[in-house]
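Let's take a walk through this protein together, from its surface pockets to its interior. Keep the structure open beside you as you read.

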Amino acid sequence: MPECELVDDSTTVNGVTISVKKGTLVQERVDAIAYSANPKLQLSTGVAGIIKSSAGSEIVRETKSWIKQNGEVPVGGVAFTTAGLLPS
């Protein structure tokens, strides 16, 4: 898959390199994707829908399992899943 275009110089903060790129998020090899989700982790539209369609059904199973075990994600909270079928 083609890489996204770097649109700004990368910077490192506390040992973490941050880059601003333009392109399709789900084609990039990254350590993590951080995005604003809804409290029930419903992957239906927008960025979540794109992640779901590219990562596969495993992501849906993982988010449902997370909610079952932990309840809704509070404002400012964090939930994790694997990359599913995304490049990692």
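A good place to begin is the second largest pocket, which has 13 lining residues; those nearest its centre are S19, V20, K21, E28 and V30. Two elements each give two or more residues to that lining, namely β3 (16-18) and β4 (21-22). Of these, β3 gives the most, with 3 residues. The space in this second largest pocket comes to about 380 Å³. By class, its lining splits into 6 nonpolar, 3 polar and 4 charged residues. Please bear in mind throughout that you are looking at a predicted model.

With that spot located, step back and take in the whole chain. The protein is built from 2 helices and 4 strands, and along the sequence these elements follow the pattern β-β-β-β-α-α. Its C-alpha trace spans about 40 × 30 × 20 Å along the principal axes. There are 88 residues in the protein, and 19% of them count as buried. About 6700 Å² of the protein is exposed, with carbon and sulfur atoms supplying 53% of that area. As for how the chain meets itself, consider the contacts with a separation of 6 or more: 41% of them are between residues 24 or more positions apart.

Now turn to the largest pocket, with a volume of about 770 Å³. It is lined by 31 residues, and the closest to its centre are I33, A34, Y35, A79 and F80. Here the lining has 22 nonpolar residues, along with 7 polar and 2 charged ones.

Y35 makes a handy landmark, so let's stay with it for a moment. You will find Y35 in the loop between β4 and α1. Is this residue buried, exposed or partly exposed? Y35 counts as partly exposed because its relative accessibility is 33%, which falls between the cut-offs of 20% for buried and 50% for exposed. Beyond its neighbours within four places in sequence, Y35 is in contact with L43, V47, A48 and I51. To get a sense of distance, compare its position with V16: the two are 19 residues apart in sequence, and their C-alpha atoms are 17 Å apart in space.

Among those contacts of Y35 are L43, A48 and I51, and these names come up again in the interior. The largest nonpolar core has 7 residues: V26, L43, A48, I51, A55, I59 and L86. Helix α1 (residues 46-55) gives the most to this core, with 3 residues. I59, another core member, touches L43, T81, T82, A83 and G84 when residues up to four places away in sequence are not counted.

Finally, have a look at two backbone details. Most residues other than glycine have a negative phi. Against that background, N14 has a positive phi of about 50° although it is not a glycine, and L41 likewise has a positive phi, of about 55°, without being a glycine. N14 sits in the loop between β2 (11-13) and β3, while L41 lies in the loop between β4 and α1. Which of the two terms, buried or exposed, fits N14? N14 counts as exposed because its relative accessibility is 79%. L41, by contrast, is buried, because its relative accessible area is 10%.

Notes:
Residues numbered from 1 in each chain as written. Predicted model: local features only at pLDDT ≥ 70, side-chain atom pairs only at ≥ 80, totals over all residues. Heavy atoms only, no water. Core = buried A, V, L, I, M, F, W, Y, C linked by side-chain atoms within 4.5 Å. Buried < 20%, exposed > 50% of the residue type's maximum accessible area, 1.4 Å probe, protein only. Contact = heavy atoms within 4.5 Å. 1 Å grid on protein atoms, 1.4 Å probe; cavity = no way out; pocket = protein on both sides within 12 Å on 5 of 7 lines; lining within 4 Å. Points joined across faces, edges and corners; volume = space filled by probe spheres on them. Nonpolar A, V, L, I, M, F, W, Y, C, P; charged D, E, K, R; others polar. Areas by Shrake-Rupley, 256 points an atom, 1.4 Å probe, with all protein chains shown as cover.
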